[in-house]
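Here is a short briefing on a structure. It starts with a single side-chain contact and then moves out to the chain and the interface.

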Amino acid sequence: MSKIEGAIHEIHAMDAMASEDKWINKLHPLVKLLVTFIYIFIVVSFDSTDINGLLSMILYPVLIFITAELDLKMCLKRLRIVLPLVCLVGLFNPFFDREILFYAGSVGITRGMITMVTLIIKGVFTVLAAYILIASSKIEDICRALRMLHVPKIFVTLILLIYRYVTLFLQEVNRMTQAYALRAPNQKGISYKAWGSLAGLILLRAMDRASAVYESMCLRGFDGEFKRENSTQLCGNDWIYLISLSALILFLRYVHLFELVGNMIMK
Amino acid sequence: MHMADALVAPAVAATMYACSTVAAGCSVKKVRLENDPKKIPVMGVMGAFVFATQMINFTIPGTGSSGHLCGGMLLSALLGPYAGFLTMIGVLLIQCLMFADGGLLALGCNIWNMAFYGCFIGAMLIWKPIMKNGAGRIKITVASILGCIVTLQMGAFSVCLETLASGITELPFGVFAGMMQPIHLAIGLVEGLITAAVLCFVYDARPELLWGVEKSNNAKRKLSFKTTIIILAAASVIIGGGLSLIASSYPDGLEWSMEKVAGTAELEADGIIYNTMAEIQDKTAILPDYAIKDSDNIFGTTISGIVGAIVVVSLCVICCYIFRFFRRKSNE
């Protein structure tokens with residue numbers, strides 16, 4: 001599967017997952033967006049040496065992944081983009097910070113090693129949280145939540161339009177690159193002679209399509225905003241989700257649960 | 001250059017969100033003032049276009065590697081800085097949500113590093129002034145390459161600053177910036193060339209689609225060869241003469257490193273071969289150590305810079321004419 005085909009497949013898979021009939025999908029997108037932001041904010045706020053505290057934050061993704069039956073395999077695939085960069089930045093820490101914090105047997109564990117591990121854990125947790133949001137809410141729902149947060153409608157409409165046409169253009173780009181590859185065997189990528197004409201032609205077609213899209217939108221009564229029938233009010237379940245999970249995240253931030261339980265067992 | 005959430009501290013993320021929100025607020029206001037209802041669908045479709053075409057691998061001749069389009073520069077050259085900026089935010093948000101390319105919390109940083117510099121600096125300070133008296137293929141190419149290089153350098157430098165302010169890496173700032181800037185210089189050059197190719201195609205096919213191009217009364221739309229040579233010669237004299245004044249007061253990177261390691265900027269050497277070579281060099285050098293012979297002052301360095309610029313430009317012009325002469329001959 002080519003890179004573009006992979007992207008199309010990923011978008012369709014995420015769309016299908018977000019449309020499922022699970023409890024988490026029925027929740028209001030605003031509460032899921034807020035909980036995600038709170039979680040990510042708290043995770044990155046941990047000190048770079050506080051592994052114990054940070055590890056306890058795994059409870060939120062574990063809880064949601066199991067109860068909402070989310071696809072962990074697909075989530076782990078998303079880590080391929082984030083982890084290399086995070087690892088690259090963190091990889092230098094053990095070389096520059098050699099202050100020994102403690103000994104594991106005869107091996108000295110340095111501060112740099114700990115900060116590198118913390119950075120990677122933060123990278124994984126934040127990706128898990130963002131995945132929970134997108135796997136349980138459609139882009140249209142997230143845009144609805146943004147509108148409730150008074151994000152200008154011009155911007156929300158723009159996001160919806162980009163999202164709607166992304167798949168279409170990916171398919172078009174895939175067709176064109178495939179056609180090019182069939183006519184230029186054993187050639188990796190697009191030759192510099194066709195740089196302008198290949199992408200330029202797609203661009204001109206995109207512009208023409210934009211005019212057609214606008215005219216058809218006007219004919220269907222578009223006045224600058226997409227109308228939705230769904231109620232925008234939060235219900236009881238939404239409040240329960242928001243309050244309980246926010247409380248859990250804050251609790252885990254200030255109480256080192258893993259350390260506490262460990263100490264209790266050790267005694 | 002997409003930053004992950006793990007790479008930013010909450011305070012840095014919040015500050016960058018605030019900065020990006022202000023820029024987005026201004027852009028929304030400007031787009032509203034334009035009052036062009038047709039613009040929103042065009043922005044949406046263009047955003048999707050940039051998203052999709054960034055996945056095409058354009059082969060870089062002679063290297064075996066590939067590059068992609070520079071979204072910010074392309075969008076602002078077609079839609080203008082405000083609409084281009086909003087479209088880039090949309091693209092970055094969807095990249096972040098659908099492909100985990102960049103974090104939700106780091107979105108403010110990513111908007112600033114990629115969309116703000118690409119759209120505002122690239123469009124207003126580079127694209128628009130160059131297109132002031134009409135567009136042309138050379139002008140478009142120069143603006144695209146310059147725009148991509150400058151905005152990517154600024155973006156990469158911002159990534160270093162944000163990472164440093166977040167305190168997540170023990171890597172010294174100088175080392176980190178020293179790694180980031182050269183990589184992004186190469187990327188900027190490649191992205192600039194690809195973007196230029198696409199924009200030149202648009203210019204040939206539908207020049208009215210380009211933003212910020214003022215109609216010139218001059219029928220000649222292209223930058224003439226003569227003007228280009230004069231500009232290049234003037235730039236070389238200014239850079240060679242003016243900047244060498246600044247350069248003369250600071251040691252270069254290697255001298256600095258040697259001074260740190262050996263305690264002196266110039267190593268002493270002795271021996272038959274060394275002495276013979278030094279004698280040859282002394283006799284042949286017109287401007288030893290970039291200064292007038294037996295002169296160690298700033299004036300000498302400046303003169304050397306100007307003379308060097310003239311010699312290099314002249315050589316370049318001669319080579320070009322020789323090339324042209326032989327090419328014409330082979331065509332006959």
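**A polar pair in chain B**

A polar contact of 2.9 Å joins the side chains of B:Asn113 and B:Glu162. The model is predicted. Three topics follow.

**Around B:Asn113**

- B:Asn113 lies in helix H5 of chain B, which covers residues 107–130.
- Is B:Asn113 buried or exposed? Its relative accessibility is 1%. The cut-off for buried is under 20%, so B:Asn113 counts as buried.
- Leaving aside neighbours within four places in sequence, B:Asn113 is in contact with B:Met1 and B:Met3. B:Gly155, B:Ser158, B:Val159 and B:Glu162 are also in contact with B:Asn113.
- B:Glu162 therefore appears both among these contacts and as the side-chain polar partner of B:Asn113, at 2.9 Å.

**Chain A as a whole**

- The secondary structure of chain A comes to 13 helices and 2 strands.
- Why does chain A count as more spread out than a compact globule? For 267 residues the globule rule gives 18 Å, and the radius of gyration of chain A is 24 Å, well over that value.
- The C-alpha trace of chain A spans about 70 × 55 × 30 Å along its principal axes.
- Buried residues make up 49% of the 267 in chain A.
- Take the contacts in chain A between residues at least 6 apart in sequence: 77% of them join residues at least 24 apart.

**The interface of chain A and chain B**

- Chain A puts 69 residues into the contact, and chain B puts in 69 residues.
- Together the two chains bury about 6,400 Å². Carbon and sulfur atoms account for 82% of that area.
- How many salt bridges cross the interface? The rule finds 1.
- That salt bridge pairs A:Asp208 with B:Arg206, and their closest N and O atoms are 2.9 Å apart.
- The rule also finds 4 residue pairs in polar contact across the interface, with both residues at pLDDT 80 or more.
- Several helices of chain A each supply at least two residues of the side that touches chain B, including H1 (3–18), H3 (29–45), H8 (111–136), H10 (153–183) and H11 (195–219).
- H11(A) gives the most to that side, with 18 residues.
- By class, the side of chain A that touches chain B has 49 nonpolar, 13 polar and 7 charged residues.

Terms used
Residues numbered from 1 in each chain as written. Chains lettered and ligands numbered in written order. Heavy atoms only, no water. Contact = heavy atoms within 4.5 Å. Buried area = accessible area lost by both parts, 1.4 Å probe. Salt bridge = Lys/Arg side-chain N within 4 Å of Asp/Glu carboxyl O. Polar contact = N/O pair within 3.5 Å; in protein donor to acceptor, adjacent residues only side chain to side chain. Helix = DSSP H or I, 4+ residues; strand = E, 2+ residues; numbered from the N terminus. Nonpolar A, V, L, I, M, F, W, Y, C, P; charged D, E, K, R; others polar. Rg over C-alpha atoms; globule rule 2.2 N^0.38 Å. Buried < 20%, exposed > 50% of the residue type's maximum accessible area, 1.4 Å probe, protein only.
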